[in-house]
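Student: I would like a careful look at one part of this fold, taken strand by strand. Please start with the chain as a whole and then narrow down to the sheet.

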Amino acid sequence: MKRMFSRASMFLVAGLLLTAGLSSLAAQQQQIRTPKQTPFPKNPDWSKLELDVLKVQGQVYLIAGAGGNIAAQVGDQSVLLVDTGYEQMAPKVLAAVRKLSDKPLRTIINTTLMDSHTGANALLVKEGRQIDNTGPGLGGRPNEADLIGHARLSAIMTEIGRDKIAADRRPPSTYPGRSKDLSSNDEPVIVLAVPNAVTGGDSMVWFRKSDVIATGEIMNMASFPFIDVAHGGTINGILDGLNTVLEITVPKHNQEGGTMVIPGYGRIGDEHDVLEYRDMLTIIRDRVQNSIKKGMTLQQIKALKPSVTYEYEPRFNRDPAWTAEMFVEAIYKNLS
């Protein structure tokens, strides 16, 4: 009887240990996809901010904590960055890149206008170099990383003016149409235009072999997406961009895994996360649209709180600089 009880106790302890181990593993796996879930701090002490560097899949890593999410493609030949973060975080971003690779930084792609995505452009571009190591002696061309963005993004930066956006922060390599393709580290990289989304000059970046998409700010896992109405941003453009992401992404079993999606901010997602985010924005957009058709004013629509559904506001109304009310007002301006 004692021996049977002892065996039962051993099985119980083993089961508890296994459960604890699985819980710990699950927590670690969740942490891998959860770098930051709160809005970036306002007026931070830059010296105290730390970066998270996470492997996404294939050749692509996520550098989080410099402002907007930065995607880094690392290979045997070079490093490619999608966005650069705030200017004040440039030294830490460069240090993080150097821990991943000692290969030259050859390409930087901008997805949108915000300082949190383009602030460190000038500093990081100067740290790069091209494959042929050509310097100022050849046509006066400096030996630095190639900075790429949509032509409309460069035009918006120019319109804003040098007082707010220095000339060396603007992308000199622009594409005017729907897409631009290039090869980096033996991988096809497709830059896709996202017209009239967060701004009028947004892009997303698709790493085809690694099966990763960096969406820019059309998807923000910690907030409602910012709509820069003054510079061409629209809710319908954001929804069109998310629908493009859904056309590209391919899930694995039960909609989990498969194509990985790096949002403009917050945790790494997959197709199901994009689907939920797209549906949430569609529901809010349609509610505002229906209220406008009924002749309601902006204040009346705000009083209805059209973003309060399920967990929308608890999950995404976290940024005092971009509240649910501001988001609804931007949609109202778009649709009216």
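Among contacts in the protein chain between residues at least 6 apart in sequence, what percentage join residues at least 24 apart? After that, in what order do the seven strands of the open sheet lie, and which residues of β3 are buried on its two sides?

Tutor: The model is a predicted one, in which local features need pLDDT of at least 70 and side-chain atom pairs count only at pLDDT 80 or more, whereas totals for chains, interfaces and linings use all residues. Residues are numbered from 1 along each chain as its sequence is written, and side-chain values use heavy atoms, with hydrogens and water left out.

To take the percentage first: of the contacts (heavy atoms within 4.5 Å) between residues at least 6 apart in sequence, 64% join residues at least 24 apart. The protein chain has 336 residues, and 51% of them count as buried, where buried means under 20% relative accessible area, exposed means over 50% and partly exposed lies in between (1.4 Å probe, protein chains only). The chain holds 10 helices and 12 strands, these being DSSP runs numbered from the N terminus (H or I over at least four residues for helices, E over at least two for strands).

Seven of the strands form an open sheet of mixed pairing, and their order across it is β1-β2-β3-β4-β5-β6-β7. The edges are β1, residues 52–57, and β7, residues 173–175, each of which pairs on one side only. From one strand to the next the twist averages 25°. In general, strands of a sheet pair through backbone hydrogen bonds, either parallel or antiparallel; here two strands are said to pair if DSSP finds at least two bridges between them.

Consider first the antiparallel part around β3. Strand β2, residues 60–64, pairs with β3 in the antiparallel sense over four bridges, and one pair of bridge partners is Y61 with A72 of β3. These two strands make a hairpin with five residues between them, and in its turn G65 has a positive phi of about 110°. On the other side, β3 and β4 also pair in the antiparallel sense, again through four bridges, with Q73 finding its bridge partner in L80 of β4. A hairpin joins β3 to β4 as well, this one through four residues.

Between these two hairpins sits β3 itself, and its surroundings deserve attention. All five of its five residues, 70–74, are buried, so the strand is largely enclosed by the rest of the structure. Neither face is left open: I70, A72 and V74 are buried on one side, and A71 and Q73 are buried on the other. If you display the strand, note that A72 is the residue whose bridge partner is Y61, whereas Q73 is bridged to L80.

Moving on from β3, the pairing becomes parallel at the next step, where four bridges join β4 (residues 79–82) to β5 (residues 105–109). The residue L80, already met as the partner of Q73, has T107 as its bridge partner in β5, and so L80 can be followed to both sides when you trace the backbone from β3 through β4 to β5. Strand β5 in turn runs parallel to β6, the two being joined by three bridges, among whose partners are I109 and I148 of β6.

The last step reaches the edge. Strands β6 and β7 pair in the parallel sense over three bridges, and T174 in β7 is the bridge partner of G149. Strand β6 is mostly covered, since four of its five residues are buried, while β7 is one of the two edge strands of the sheet.

Helix α5, residues 151–160, lies across β6 (146–150) and β7 and runs at about 95° to β6, an angle taken between N-to-C directions on a scale from 0 to 180 degrees, with axes fitted to C-alpha atoms, for helices over the stretch in contact. Together, β6, α5 and β7 make a right-handed β-α-β unit, meaning that, with the strands pointing away from the viewer, the path from the first strand over the helix to the second runs clockwise.
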